[in-house]
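Thank you all for coming; I would like to take a few minutes to walk through one structure for those who have not met it before. Please have the sequence and the model open as I talk.

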Amino acid sequence: MDDEVFRALADPSRRQLLDMLNARNGQTLRELCAGLEMARQSVSKHLTILETANLVTTVRRGREKLHYLNAEPINAIADRWINQYDRRRAQLFADLKTALEAEPTMSDNDFVYTTYIKTTPERLWQALTEREFTEQYWNLHHETDWKPGSEIVWHMGDVSMAGPGQVVLEHTPYTRLSYTWHHITPEFAKAVELSDDVYEQTSREPLSTATFELEPVDDKVKLTVIHSGFGPDSALRTMIQDGWPALLSDLKSFLELSTVH
């Protein structure tokens, strides 16, 4: 995968496409073509290469296909290789990593992140839904029957989070899971050491939606997390920007290194 990422980044047109998505995420092919002096077919080919390298993730919204910049491959390269480069090259990668993880300035404030995990859809599904697994890498578990419309209660140690509208939205085993993101309670704020100001802001925000899409790819599963429903000044959106990549990295390590089935 590293070779594909390096090849994808080697072309200036593809780097320009990433810059455009960094400036405004979630663009259609038509919108991306409008900002480039090249044929639609050429833009489409460049996007295919970026998707193959996992630098771009696509999400269907009705009849449109939206393109999102995905920071996961850059995170992986930075973690694996950056210390082996000289200072100048390391700084170039650090700048690119920072740009890819920067808070987007788009009006559609969704968070979209894709990673590939060497596991099966069944086992990944267990890791997302079963207490035996979630407590090992997430330090929490969900209390629910996983039926659409059912209440979902979050338990993190002695802290429980429940409230109106906190429900399962979709439960299609091994393919797609979606639920409303939990209520921010005083107990949760204390447990994660939120400041009073941040707690006051997050507790007033509406519930957001976390969606997990699973797709088998050879001996791996492509996992795309879409977290949506944030306002333009959402404090929670800022928090999950770093939280999801770290959590998904722990999930990936847990599944690929664990021998529990």
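Let me begin with helix α11, which bends by about 30 degrees at Gln241, with a proline, Pro245, following within four residues. I should say early that what we are looking at is a predicted model.

This helix covers residues 235-257, and at 1.5 Å a residue its 23 residues should span 33 Å, which agrees with the 34 Å that separates its end C-alpha atoms. At the N-terminal end, α11 is capped by Ser234, a side-chain oxygen of which lies 3.3 Å from the backbone nitrogen of Leu236. Among the buried residues of α11 are Leu236, Gln241 and Pro245, and also Trp244, Phe254 and Leu255.

Now, to the second largest pocket, which holds about 410 Å³ of space. It is lined by 17 residues, and those closest to its centre are Trp138, Trp181, His182, Phe188 and Val192. Two elements, β5 (153-156) and α11, each give two or more residues to this lining, and the largest share, six residues, comes from α11. As for the character of the lining, 15 of its residues are nonpolar and two are polar, while no charged residue is found there.

Finally, I would point to Glu151, which sits in the loop between β4 (141-143) and β5. Is Glu151 buried, partly exposed or exposed? Its relative accessible area is 45%, so Glu151 counts as partly exposed. Although Glu151 and Gln166 are 15 residues apart along the chain, their C-alpha atoms are separated by 5.9 Å.

Definitions and conventions: Residues are numbered from 1 along each chain as its sequence is written. This is a predicted model: local features need pLDDT of at least 70, side-chain atom pairs count only at pLDDT 80 or more; totals for chains, interfaces and linings use all residues. Side-chain values use heavy atoms; hydrogens and water are left out. The expected span of a helix is 1.5 Å times one less than its number of residues. The bend at a residue is the angle between axes fitted to the seven residues ending there and the seven starting there. Buried means under 20% relative accessible area, exposed over 50%, partly exposed in between (1.4 Å probe, protein chains only). A polar contact is a pair of N or O atoms within 3.5 Å; within protein, one must be able to donate a hydrogen and the other to accept it, and residues adjacent in sequence count only if both atoms are side-chain atoms. On a 1 Å grid over the protein atoms alone, a cavity is a set of points where a 1.4 Å probe fits but cannot get out, and a pocket is an open set with protein on both sides within 12 Å along at least five of seven lines; lining residues have an atom within 4 Å of a point. Grid points are joined across faces, edges and corners, and a volume is the space filled by probe spheres set on the points. Ala, Val, Leu, Ile, Met, Phe, Trp, Tyr, Cys and Pro count as nonpolar, Asp, Glu, Lys and Arg as charged, and the others, Gly among them, as polar.
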